[in-house]
Amino acid sequence: MSVHKEVKRVTTNVLKEMKAAGAKISMLTGYDFSMAKIIDDAGIDIILVGDSASNVMAGHETTLPITLDQMIYHASSVVRGAKRALVVVDMPFGSYQGNSKEALSNAIRIMKESGGHGVKLEGGSEIIESIKRILTAGIPVMGHLGLTPQSIYKFGTYVVRAKEEEEAIRLIEDAKALEEAGCFAIVLEKIPAKLAKKVAESVSIPIIGIGAGGHVDGQVLVIHDMLGINNEFNPRFLRKYNNLYEQMKSSIEKYVEDVRRGDFPNEKESY
Ligand code: KIV
């Protein structure tokens, strides 16, 4: 749709217009300069500096260990590579749940030190005070409901959330509360497609899904998963657009072989 092509920098207003026009929003995670540049050049609308960096960049089992300083490091690298996309930065576990003043000062650190354009927080009514306070400073906030990986030890599993009516009703109420507080968009992770559709129809802000079906306003995936760099993660919702694990491995194997055979460098590759 025309909304895409004319924009110099995607803003929260552009995203609102896209929802109103029925134009789907594309979002991918990014964690470093080089990858951010490729993602941005490909025309993505939003780059999320996800705390999934804890998994795919640092090798942790969960998103809990990543620190605020580490998120700022990843985010500042992404910002330098992104000319068009809106860059949203995950607030890491422990940086906003304690109290709203701490949440605000941590969000300000992210904005000042990384140059990101907004922050994402996981949760609904239980963190609404933090969200409201961050918004008072003019910092755009994206919500995140459904499966919220920072609460993995409470859930105990990564299975689909909100299948039961009680949790589904609470999720819709939370989405409305986030909209009313002033969030510019919400990520919905791993919930039934029917429920996600209902949420998208219940609020005027964009709903970005991951494992939430096609009847929402946009989609997000973890870049390492969709490129097949991570070959051990194969959930039903994931579409793999490449098998970079195999491609990268075989390139590196060839290099190792060339070095061992004395074939690299050759005359043309030498001074
Ligand atoms: O950290 C992350 O990558 C995320 C996405 C899965 C939405 O929050």
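Visitor: What makes the pair formed by Ser-52 and the ligand a polar contact?
Guide: An N or O atom in the side chain of Ser-52 is 2.5 Å from an oxygen atom of the ligand. A polar contact is a pair of N or O atoms within 3.5 Å; within protein, one must be able to donate a hydrogen and the other to accept it, and residues adjacent in sequence count only if both atoms are side-chain atoms. The pair at Ser-52 therefore qualifies. The model is predicted, and local features need pLDDT of at least 70, side-chain atom pairs pLDDT 80 or more, whereas totals for chains, interfaces and linings use all residues. Residues are numbered from 1 along each chain as its sequence is written, and side-chain values use heavy atoms, without hydrogens and water.

Visitor: Which distances apply to Asp-90 and Lys-120?
Guide: A polar side-chain atom of Asp-90 lies 3.1 Å from an oxygen atom of the ligand. For an N or O atom in the side chain of Lys-120, the distance to a ligand oxygen is 2.9 Å. The protein buries 95% of the 260 Å² that the ligand exposes when taken alone, with areas from the Shrake-Rupley method and a 1.4 Å probe; for residues, only the protein chains shown count as cover.

Visitor: How do you know which residues are around the ligand?
Guide: A residue is near a molecule or strand if one of its heavy atoms lies within 4 Å of it. The residues around the ligand include Thr-29, Leu-48, Gly-50, His-144 and Glu-189. The shell divides into 4 nonpolar, 4 polar and 4 charged residues. Here Ala, Val, Leu, Ile, Met, Phe, Trp, Tyr, Cys and Pro count as nonpolar, Asp, Glu, Lys and Arg as charged, and the others, Gly among them, as polar.

Visitor: Why is His-74 called buried?
Guide: Buried means under 20% relative accessible area, exposed over 50%, and partly exposed in between (1.4 Å probe, protein chains only). His-74 has 11% relative accessibility and therefore counts as buried. His-74 lies in helix H5, residues 68-81; helices (H or I, at least four residues) and strands (E, at least two) are DSSP runs numbered from the N terminus. Beyond its neighbours within four places in sequence, His-74 is in contact (heavy atoms within 4.5 Å) with Tyr-31, Val-49, Ala-53, Met-57 and Ile-66.

Visitor: Is Ile-46 buried or exposed, and how do you know?
Guide: Ile-46 has 0% relative accessibility, so this residue counts as buried. Ile-46 lies in strand S2, residues 46-49. Its contacts outside four places in sequence include Leu-15, Met-27, Val-88 and Ile-208. Ser-26 is 20 residues from Ile-46 in sequence and 6.5 Å away in space, C-alpha to C-alpha.

Visitor: Why is Arg-261 given its accessibility label?
Guide: With 54% relative accessibility, Arg-261 is above the 50% limit and therefore counts as exposed. Arg-261 is found in helix H12, and a polar contact of 2.9 Å joins its side chain to that of Asp-258.

Visitor: What makes the backbone at Ala-162 and Pro-265 noteworthy?
Guide: Most residues other than glycine have a negative phi, and most peptide bonds are trans. Ala-162 has a positive phi, near 55 degrees, and lies in the loop between helix H8 (152-155) and helix H9 (165-181). Ala-162 is buried because its relative accessible area is 4%. The peptide bond from Phe-264 to Pro-265 is cis, with omega near -5 degrees.
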